[in-house]
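Let's take a friendly walk through a protein model together. Keep the structure open beside you and find each residue as we come to it.

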Amino acid sequence: QLQLVESGGGLVQPGGSLRLSCAASGFTLDYYAIGWFRQAPGKEREGVSCISSSGGSTNYADSVKGRFTISRDSAKNTVYLQMNSLKPEDTGVYYCAAGLHGSSWYHLLVSDFASWGQGTQVTVSS
């Protein structure tokens, strides 16, 4: 059973940076596209970024383009989300999940992902 664990969140000032990690256990991540999502209290979970199993294709929400970078390290069975130039509106719980095979995971729809982690809190505030 694939289990994902997010880490790396914290409290940062606007303009700061964080690197989130999505570590897998129980199965290799090499076979899965991985997506990052975030959710603020009272709001729906929204897609942030995703990366193909090979790492050759990525997608980003318009709100984070140019600021966030998704990558993966197969040797560590981990996917990363480098977040730069953080804004208060980036605040939320960040989750990673595995794209379902055969799904349109590239479009960052929650329904196309499974094996959600427990999330890591990111707070951007001065």
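## A cysteine on its own

Cys 50 has a relative accessible area of 0%, so this residue counts as buried. Please keep in mind that the model you are looking at is predicted. Does Cys 50 stand inside a disulfide or outside one? Cys 50 takes part in no disulfide. The nearest cysteine sulfur belongs to Cys 22, and that sulfur is 13 Å away, whereas a disulfide needs the two sulfur atoms within 2.5 Å.

## The disulfide

A disulfide is a covalent bond between the sulfur atoms of two cysteines. How many disulfides does the structure have? The count comes to one. Its partners are Cys 22 and Cys 96, whose sulfur atoms are 2.0 Å apart. This pair links distant parts of the chain: Cys 22 belongs to strand S3, while Cys 96 belongs to strand S9 (residues 92–99), with the two positions 74 residues apart in the numbering.

The bond also has a handedness. The torsion about the S-S bond of Cys 22 and Cys 96 is about 80°, so this disulfide is right-handed. Both cysteines of the pair are buried.

## An open sheet of four strands

Next, look for the open sheet whose four strands run in the order S1-S3-S8-S7, with antiparallel pairing. Strand S1 (3–7) and strand S7 (68–73) are the edges; each has a single partner strand, so one side of each has no neighbour in the sheet. On average, neighbouring strands of this sheet are turned by 15° against each other, direction ignored.

Inside the order, strand S3 (residues 18–25) and strand S8 (residues 78–83) pair in the antiparallel sense over six bridges. You can find Leu 18 opposite Met 83 of S8. Ser 21 also has its place in strand S3. With 14% relative accessibility, Ser 21 counts as buried. Leaving out residues up to four places away in sequence, Ser 21 touches Val 5, Glu 6, Ser 7, Trp 36, Thr 78, Val 79 and Tyr 80.

## Strand S4 and its two partners

Strand S4 (residues 34–39) is mostly covered, with five of its six residues buried. One partner is strand S5 (residues 46–51), which pairs with S4 in the antiparallel sense over five bridges. Here Trp 36 stands opposite Ser 49 in S5. The hairpin of S4 and S5 has six residues between the strands, and in this hairpin Gly 42 takes a positive phi near 80°.

Strand S9 is another partner: S4 and S9 pair in the antiparallel sense over six bridges. Across this pairing, Gly 35 has Ala 97 of S9 as its bridge partner.

## Nonpolar cores

Which residues touch the most other members of the largest nonpolar core? Of its 27 residues, these are Ile 34, Trp 36, Phe 68, Val 79, Leu 81, Met 83 and Tyr 94. The elements S3, S4, S5, S7, S8, S9 and S11 each give two or more residues to this core, and S3 gives the most, with four.

Take Met 83 as an example. Not counting residues up to four places away in sequence, Met 83 touches Gly 16, Ser 17, Leu 18, Leu 20, Arg 67, Phe 68, Tyr 94 and Val 122. Apart from the largest core lies another one, of seven residues, including Ala 33, Cys 50, Ala 97 and Leu 108. So here we meet Cys 50 again, the residue with 0% relative accessible area.

## Aromatic rings

A pair of aromatic rings is described by the distance of the centres and the angle of the planes. The whole structure holds six aromatic pairs. In one of them, Phe 27 and Tyr 31 are tilted, at 5.8 Å centre to centre with 55° between the planes. Phe 27 is partly exposed, with a relative accessible area of 39%, whereas Tyr 31 is exposed, at 51%. Phe 27, Tyr 31 and Tyr 32 form one aromatic cluster.

The rings of Phe 113 and Trp 116 have centres 6.5 Å apart and planes at 55°, so this pair is tilted. Phe 113 is buried, with a relative accessible area of 5%, while Trp 116 is partly exposed, at 25%. You will find Trp 116 in the loop between strand S10 (113–114) and strand S11 (120–124). Beyond its neighbours within four places in sequence, Trp 116 is in contact with Phe 37, Arg 45, Tyr 95, Cys 96, Ala 97 and Val 110.

Terms used:
Residues are numbered from 1 along each chain as its sequence is written. This is a predicted model: local features need pLDDT of at least 70, side-chain atom pairs count only at pLDDT 80 or more; totals for chains, interfaces and linings use all residues. Side-chain values use heavy atoms; hydrogens and water are left out. Two strands pair if DSSP finds at least two bridges between them. Axes are lines fitted to C-alpha atoms, for helices over the stretch in contact, and angles run from 0 to 180 degrees between N-to-C directions. Buried means under 20% relative accessible area, exposed over 50%, partly exposed in between (1.4 Å probe, protein chains only). Contact means heavy atoms within 4.5 Å. A nonpolar core is a set of buried Ala, Val, Leu, Ile, Met, Phe, Trp, Tyr and Cys residues joined through side-chain atoms within 4.5 Å. Rings of Phe, Tyr and Trp (its six-membered ring) pair if their centres lie within 6.5 Å; planes under 30 degrees apart count as stacked, over 60 as edge-to-face and the rest as tilted.
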